[in-house]
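Colleague: Please take me closely through the empty space in this model, with care over how each term is defined.

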Amino acid sequence: MRALLKGLGGEKIQVKQQLRLTYKEPLSEAIKDKRKTMSMIASFYNGKSILITGATGFMGKVLMEKLFRTSPDLKVIYILVRPKAGQTTQQRVFQILNSKLFEKVKEVCPNVHEKIRAVYADLNQNDFAISKEDMQELLSCTNIVFHCAATVRFDDHLRHAVQLNVTATQQLLLMASQMPKLEAFIHISTAFSNCNLTHIDEVIYPCPVEPKQIIDSMEWLDDAIIDEITPKLIGDRPNTYTYTKALGEMVVQQESGNMNIAIIRPSIVGATWQEPFPGWVDNLNGPSGLIIAAGKGFLRSIRATPMAVADLIPVDTVVNLTLAVGWYTAVHRPKSTLIYHCTSGNLNPCNWGKMGFQVLATFEKVPLERAFRRPNADFTTNTITSQYWNAVSHRAPAIIYDFYLRLTGRKPRMTKVMNRLLRNVSMLEYFVNRSWEWSTHNTEMLMSELSPEDQRVFNFDVRQLNWLEYIENYVLGVKKYLLKEDMAGIPEAKQHLKRLRNIHYLFNTALFLIAWRLLIARSQMARNVWFFIVSFCYKFLSYFRASSTLKV
């Protein structure tokens, strides 16, 4: 009897298990279907308190916009801001939110003003000069830190570059270590932090001198000594920017402790590719300054290798990867600090020659207003040729124009503008004459971890990028958003270019006639050639008239 009951009990248990299994399977499928239609990354940031440094910069603005647009239920975004150009911190925030970039955000998150908490801070000072009340709030509430703040000036003094790119990173890590609710710390570096190498892996490369020694020495060395030792410290790197960003990575590695940290290395960050709309850009860094200089006719020649890879990456691609890394680092908690390369050269290369050709082709259709000369930039490959064209195509026209300004009673300014442009271009020559290889194993691994919906919403697959379309949108974005030129002015801009073309032809003709006249006056051979040409033309006309008379 007991065996029978046991058997019946066993059958009952098996039936229950079968019922449970048959009920569980469609439930799991439903959950899977639901996960396919929702973004896990967007859901992750809802309810979070996020600290962003560098939020008033180019990438910081796009990062905020994407967070508010995809995760409108996030709790708060803390941004470190200092007054600038007579504006208070609140006025600067108001100006950012009322820009074209945040138009879509206001539709999905009408109370966006209430979700931004501007904290007065100065990264040049100890503890960032943050008040005790604000510091306590940041330490007790922050869940995610995105460290985007940095000086990106290539010619910045080493002391200032160390303060912003190294010391500030160290101080922020110290703050983060005191945040009990911190889930992830994401540090934005640069793919060129190790540009002295040709092949760069997703690892942190050590510098000869420890960051702490550099930080300490900056406190007591005077500027003259720092200027003297800077070339020895940076070694085969081209500038203080790349050097101090490498030091910043070492600081992150050394000060990470038990925190969940990741480093993202974007290459040359350019205008938006897709989000919130194509071509948005608001600063002169990277290719934007070159595009304007070429479009206005200031830049006619640059020393560059046309076949070198232009490792440009759209800013929204960098932001999408950053948010995906923040989610992955907080949820999966990797055992070590992972580095993610955000580059295009290995997966979807585009060279400088192709890019330059497309920029000029776009200016044919959509020229910039009030150009100095017609857009027509060429690449030179050696120093002597570059110096020649700088003298002929850049400095000489600037001097002539300044002479014209003096004659008309105006202050000369073109030579100063041209010298500044050539100085900035010379600092970019290191990057437009070389190609690099970056490994992207961690970036590709992260892409495979995302659901189809997350791959769509937070797309950082640069293989899908159409370069010709992107570059055209980039040029249009520079015209509309950076220079704020109206598209209705395109016909007048084209007429202006025609006038410049006619002036160019007239000037060249006059220059040729003057040179030829001087040559005739000084050379018997030139006079003989001139008389031969004139007599030949006279005989040809006489023959033509005679032939016409015979036919009649």
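Modeller: What follows describes a pocket, then a cavity, and finally a helix and an annotated span.

The model is predicted, so local features need pLDDT of at least 70 and side-chain atom pairs count only at pLDDT 80 or more, while totals for chains, interfaces and linings use all residues. Residues are numbered from 1 along each chain as its sequence is written, and side-chain values use heavy atoms, with hydrogens and water left out.

The second largest pocket (an open set of points on a 1 Å grid over the protein atoms alone, with protein on both sides within 12 Å along at least five of seven lines) has a volume of about 970 Å³, a volume being the space filled by probe spheres set on grid points joined across faces, edges and corners. It is lined by 27 residues (those with an atom within 4 Å of a point), and Arg300, Arg373, Pro397, His504 and Phe507 are the closest to its centre. Helix H14 (383-407) and helix H19 (490-522) each supply at least two lining residues, with the largest share, 8 residues, coming from H19. By type, this lining holds 15 nonpolar residues (Ala, Val, Leu, Ile, Met, Phe, Trp, Tyr, Cys and Pro), 7 charged ones (Asp, Glu, Lys and Arg) and 5 polar ones (the others, Gly among them).

As for cavities (sets of points where a 1.4 Å probe fits but cannot get out), the whole structure has 1 of 30 Å³ or more, and the largest cavity contains about 110 Å³ of space. Of the 14 residues lining the largest cavity, Thr343, Leu347, Thr443, Phe460 and Val462 lie nearest its centre. Strand S11 (338-342) and helix H16 (441-449) each give at least two residues to that lining, and H16 gives the most, with 3 residues. The lining of the largest cavity divides into 6 nonpolar, 5 polar and 3 charged residues.

Helices (H or I, at least four residues) and strands (E, at least two) are DSSP runs, numbered from the N terminus. In helix H13 (residues 352-365), the buried residues (under 20% relative accessible area, 1.4 Å probe, protein chains only) are Trp352, Gly353, Met355, Gln358, Val359, Thr362 and Phe363. These buried residues pack (heavy atoms within 4.5 Å) against elements including strand S12 (378-380), helix H15 (414-432) and helix H18 (467-482).

Finally, an unreviewed UniProt entry annotates residues 52-321 as "domain: Thioester reductase (TE)", and this span is 41% helix and 14% strand, with its end C-alpha atoms 16 Å apart.

Key
UniProt positions are given in the numbering used here, feature names are shortened, and annotations may be inferred rather than shown by experiment. Buried means under 20% relative accessible area, exposed over 50%, partly exposed in between (1.4 Å probe, protein chains only).
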